[in-house]
Amino acid sequence: MAAFMSLLRTRDRPVTAREGIPPLLFLLAGISLAVSPGCTHPAPVVARAPAGVVCDYSVEVGADLDLHVTATFAAPIQGELAVDDPAMPFVDTVTLVSAAGRTPVPQGKSGFALACTASCRVEYRFRLREAATHIADVDTAIALGNGIVAPPSTWLLRPWDASAGRYRFRVQTSAGIGFASGVRASPAVPGAYEGDLANVEESAFSVFGGLKVLPVASGVAAAVVGGAKVDDGAVTTWLGRELTAIGDYYGRAPDDRLVIIVAPGTSEVIRGKTLGGGGASMLVRLGTGTTPNGLADDWVVAHELVHVGFPSLGHEHGWFAEGLATYVEPVARARLGLVPVEQIWSDLVDGLPQGIPAKSDQGLEGSEEWGRVYWGGALYFLLADLTIRDETKGRASLDDAIRAVAATGANVETRWPLEQVLAVGDRATGTHVLHDLYVRFGTAPGTADLDALWSRLGVRKRAGAKSVELDDTAPWASFRKAITAANPAGGPTRTKSAAE
């Protein structure tokens with residue numbers, strides 16, 4: 001331990017952590033999907049919301065992808081109704097429906113002013129296609145290929161300050177229009193989706209339009225948007241492979257229910273994002289030059305799956321979440337033979353210097369600088385992995401810490417304080433490594449002597465070289481080899497995907 005800790009240095013000045021400013025069967029292990037074959041739709045029937053559901057919605061999707069919504073609010077409302085701020089201009093004809101007739105709901109300061117002393121019913125229209133065209137942002141609404149991706153927070157009008165209770169929605173589609181959502185299926189109403197109002201602001205991705213739904217693995221479906229130039233087999237093989245890699249590292253599937261939206265993108269490279277409010281979801285935008293063969297080199301899906309399988313920590317701990325994904329993704333893929341071991345160490349040699357703090361930097365907590373967040377976080381986890389192995393003489397590793405967190409069932413749908421993650425991980429390894437390194441790097445501008453680290457690991461990269469040379473006689477060569485070993489001690493049984 002002493003030899004290893006000599007590689008770490010912390011600037012002398014004290015730093016305080018900054019406070020926070022994250023025909024298929026239509027049922028795939030509980031994944032509820034709606035694809036209309038072209039039937040007529042009666043007026044929505046709005047039943048009285050049961051206990052616990054305070055916002056209940058029926059959504060009709062028109063051929064123009066406008067949404068006609070009937071909302072029943074079970075609790076008294078003395079305030080304003082709103083959707084996400086960027087989407088507010090696309091809500092119109094908001095009407096209170098009561099025994100006395102239909103009354104327009106007036107515009108308030110930031111929403112629609114509604115005074116309702118008991119349960120009330122409101123109807124409105126949301127111009128989804130127009131919103132997607134003008135907003136063009138994945139967090140709110142964006143048109144991709146033949147589909148529109150928009151989380152429910154974009155189009156569900158709700159009490160501005162509502163946080164207690166649950167919301168539920170049902171979606172009816174027009175001919176040729178499909179719908180899929182990462183929000184979990186309602187336990188009470190078949191075909192409906194349901195989540196906690198406290199998490200609606202970060203609600204899971206949903207998609208409307210021309211879709212094909214493919215089973216990928218148990219509980220995992222891909223909603224492929226029309227215009228994505230990859231065939232079904234390539235999609236299921238690609239996603240199933242990445243699920244296996246991350247599932248093996250975690251010791252379980254990242255989530256028991258996951259919707260992965262695969263859509264054409266506008267960037268040259270594949271891009272991804274994960275949302276977990278009410279259910280696990282991932283949006284993957286294919287690169288303009290992506291080919292089926294090119295999917296084999298993709299790392300984005302595995303990176304996002306690390307997020308899916310880990311509890312949400314909050315914005316100020318973004319370095320911890322992104323650092324974990326940056327470190328674990330290549331390690332997990334190398335163990336499955338999806339990426340050469342030499343490339344892992346070459347990328348770390350090239351990337352980790354970007355995580356070293358500059359003179360003006362503080363700790364990683366609250367950092368928003370890209371290199372510090374991703375590579376500073378990855379440095380924390382590499383050092384944690386090596387320190388745990390060093391202290392325990394190879395009996396434990398970062399694997400044990402992360403699998404202990406995963407074994408609790410926590411994932412992207414779960415909010416944990418960082419202290420809980422550190423405590424669970426350290427208890428699993430019988431060390432204080434995660435906590436001690438958090439103090440050094442999270443709350444202070446800790447750094448490391450990378451040249452000395454590579455020497456001990458037996459990693460050498462000559463100037464101008466594309467790859468590294470690995471020295472198996474180096475002091476920590478055994479640790480280096482164990483990190484990417486195909487079947488590390490105590491490793492779980494491989495997760496079986498639908499493609500297998």
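These points concern four helices in a predicted model.

1. Helix 6 covers residues 318-335, which is 18 residues. At 1.5 Å a residue, helix 6 should span 26 Å, and its end C-alpha atoms are 26 Å apart, so the expected span and the model agree.

2. Helix 6 has a bend of about 25° at Val328. A proline, Pro330, comes within four residues after Val328. After helix 6 comes Gly337, with a positive phi near 80°.

3. Of the 18 residues in helix 6, 16 are buried, so the rest of the structure largely encloses this helix.

4. Two packed helices are described by the angle between their axes and the distance between the axes. For helix 5 (residues 300-308) and helix 6, the angle is about 125° and the axes are 8 Å apart. That angle makes helix 5 oblique to helix 6. Their crossing is right-handed.

5. Which residues of helix 5 meet helix 6? They are Ala302, His303, Val306 and His307. On the side of helix 6, the contacts include Ala321, Leu324, Ala325 and Val328. Val328 is also where helix 6 bends.

6. Helix 8 (residues 370-391) packs with helix 11 (residues 433-442) at an angle of about 140°, and their axes are 10 Å apart. Helix 8 is therefore oblique to helix 11. The crossing of helix 8 and helix 11 is right-handed.

7. In helix 8, the residues that meet helix 11 include Leu379, Leu383, Thr387 and Glu391. Helix 11 contributes Val433, Leu434, Leu437, Tyr438 and Phe441. An α-helix has 3.6 residues a turn, so residues three or four places apart point the same way.

Conventions
Residues numbered from 1 in each chain as written. Predicted model: local features only at pLDDT ≥ 70, side-chain atom pairs only at ≥ 80, totals over all residues. Heavy atoms only, no water. Helix = DSSP H or I, 4+ residues; strand = E, 2+ residues; numbered from the N terminus. Expected span 1.5 Å × (residues − 1). Bend = angle between axes of the 7 residues up to and from the residue. Buried < 20%, exposed > 50% of the residue type's maximum accessible area, 1.4 Å probe, protein only. Axes fitted to C-alpha atoms, helices over the stretch in contact; angles between N-to-C directions. Parallel < 35°, antiparallel > 145°, perpendicular 65-115°, else oblique. Left-handed = near helix turned anticlockwise from the far one by under 90°. Contact = heavy atoms within 4.5 Å.
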